[in-house]
Every structure is written in structure tokens, then in C-alpha cells.
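The following paragraphs lead the reader through one protein fold, from its sheet to its helices and its interior. The sequence and the structure come first.

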Amino acid sequence: MAGAPAKLVVVDRDGVINEDSGEFIKSVAEWRPIAGSLEGIAALTQAGYRVVVVTNQSGIARGLLTEEILRDIHERMRSAVRAAGGELAAVYFCPHHPDDGCDCRKPRTALLRRAERELGVALAGVPFIGDRTSDVEAAEAVGARPILVRTGSGAVAARGMDPGRAEVFDDLGAAARALLAESRG
């Protein structure tokens, strides 16, 4: 069907897939999945969705970790998703500091536009699951479907957001179940 959203889901990382930390996730040992998140990704994957991670990682610009360590963290995440029966189609990250003024740090859209180019899909109507207002703003900027989870910073973000601006779920697993139920009609 022309114009239908791609069978794709965009997901933020910290606070959505894994526990967030005010001290940043700086090592593989600090990366801990949120209960149900890996199973949610696996269920989406098994239903034919491609799952893409788009994440701000300013810990690199702050000197808290290197891109090599971030690659190791992302490999741990990919392995955990695979062990649960899922797959990540791609992982995109912004390494810049919030004050750098780059175009890739959410809510800006360069990473999302890159995902569109590399994956050959438009993000219009595609679910974008995050836990921050910046995720909702990024989703809105590319015409994606904003979904907020209450994990990570999501409970606070949901309280401060206009009702109806984003769909809100308890966690990634609940959001995935809702998307799958919707796709079954």
C-alpha cells in the first residue's frame, strides 16, 4: 500500500532498552537491560519489524568513554537482543556535547535522516519509542509516531507533556505488545 509506514520501529537506548544513569553508561558492565525490553525487541523482530536504535551519547564528548568502548557496549546490547530472539537493524549515535550545536543530537534530525537514507525508508508514521521530550520532538520533526515509555526519564516527561502529544506506555515491552496487537488488526 503506497504511503503506508515502513515496518520499522525506532527506539532510543538509555532509559528505554537499558537502565539509564545520571553518571552515564561508561562500560559494558554498566549496561543493564530494562526488564521486558529485550523481549519486546525480539517480538517486534519476529513479527517482521526492523528495529533501529537512535541515541545521544554525549559521554564521548565529555571524555567519559571512547567510541571503541561505545562499540563494545553496543555489541553487548546486540548480543543480548539476539539471545532474546531479536535483531537490531542498525544503531545510530550522536557523540557530541549538548552545547556543540550539531545536527545529529536529538531532537535534531540528522541521525534520523541518515537512517532513512541508509535503510531506504521514510520515517513518516513509523513508531519512535523514547523516554524524553527530545525523543518526542525528534519524532514529530520527521513525521514519525511519538511513543513515550515511563521508564528512564519517561514518567517525568509524560507528566510535563500535553496529553495526546505522544502515546504513553509503561515500558518498551508494553509498547511493543500494543504495536503488535494493532498490526494484527
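Two strands are taken to pair if DSSP finds at least two bridges between them. The model to which this criterion is applied here is a predicted one. In general, the strands of a sheet pair through backbone hydrogen bonds, in either a parallel or an antiparallel manner. One pair serves as an entry point: strand S1, residues 8–11, runs parallel to strand S4, residues 127–130, and 2 bridges join them. Within this pair, Val10 stands opposite Phe128 of S4.

The pair belongs to an open sheet of 6 strands, whose order is S3-S2-S1-S4-S5-S6 and whose pairing is parallel. The edges are occupied by S3 (90–94) and S6 (167–169); each has a single partner strand, so one side of each is left without a neighbour in the sheet. From one strand to the next, the twist averages 20 degrees.

Helices lie across this sheet. Helix H2, residues 67–83, lies across S2 (50–56) and S3, and runs at about 145 degrees to S3. Helix H3, residues 110–119, lies across S1, S2, S3 and S4, at about 150 degrees to S3.

Another part of the helical arrangement is the packing of H1 against H6. Two packed helices are described by the angle between their axes and the distance between the axes. For H1 and H6 the angle is about 20 degrees and the axes are 7 Å apart. Angles under 35 degrees count as roughly parallel, and H1 is therefore roughly parallel to H6. Their crossing is left-handed. At the contact, Ser37, Gly40, Ile41, Ala43 and Leu44 of H1 meet Leu172, Gly173, Ala176, Leu179 and Leu180 of H6.

Which residues have the most contacts inside the largest nonpolar core? They are Ile17, Trp31, Leu44, Leu88 and Ile129, in a core of 31 residues. At least two residues of this core are supplied by each of S1, H1 (37–46), S2, H2, S5 (145–149) and H6 (172–184). Helix H6 gives the most, with 6 residues. Leu44 links this description to the helix packing, as a residue of H1 that meets H6. Apart from neighbours within four places in sequence, Leu44 is in contact with Val9, Tyr49, Val51, Ala176, Leu179 and Leu180. A second core, separate from the one just described, has 21 residues, among them Val52, Ala90, Cys102 and Leu123.

How values were computed
Residues are numbered from 1 along each chain as its sequence is written. This is a predicted model: local features need pLDDT of at least 70, side-chain atom pairs count only at pLDDT 80 or more; totals for chains, interfaces and linings use all residues. Side-chain values use heavy atoms; hydrogens and water are left out. Helices (H or I, at least four residues) and strands (E, at least two) are DSSP runs, numbered from the N terminus. Axes are lines fitted to C-alpha atoms, for helices over the stretch in contact, and angles run from 0 to 180 degrees between N-to-C directions. Contact means heavy atoms within 4.5 Å. A nonpolar core is a set of buried Ala, Val, Leu, Ile, Met, Phe, Trp, Tyr and Cys residues joined through side-chain atoms within 4.5 Å. Buried means under 20% relative accessible area, exposed over 50%, partly exposed in between (1.4 Å probe, protein chains only). Angles under 35 degrees count as roughly parallel, over 145 as roughly antiparallel, 65 to 115 as roughly perpendicular and the rest as oblique. A crossing is left-handed if the near helix is turned anticlockwise from the far one by less than a right angle, and right-handed if clockwise.
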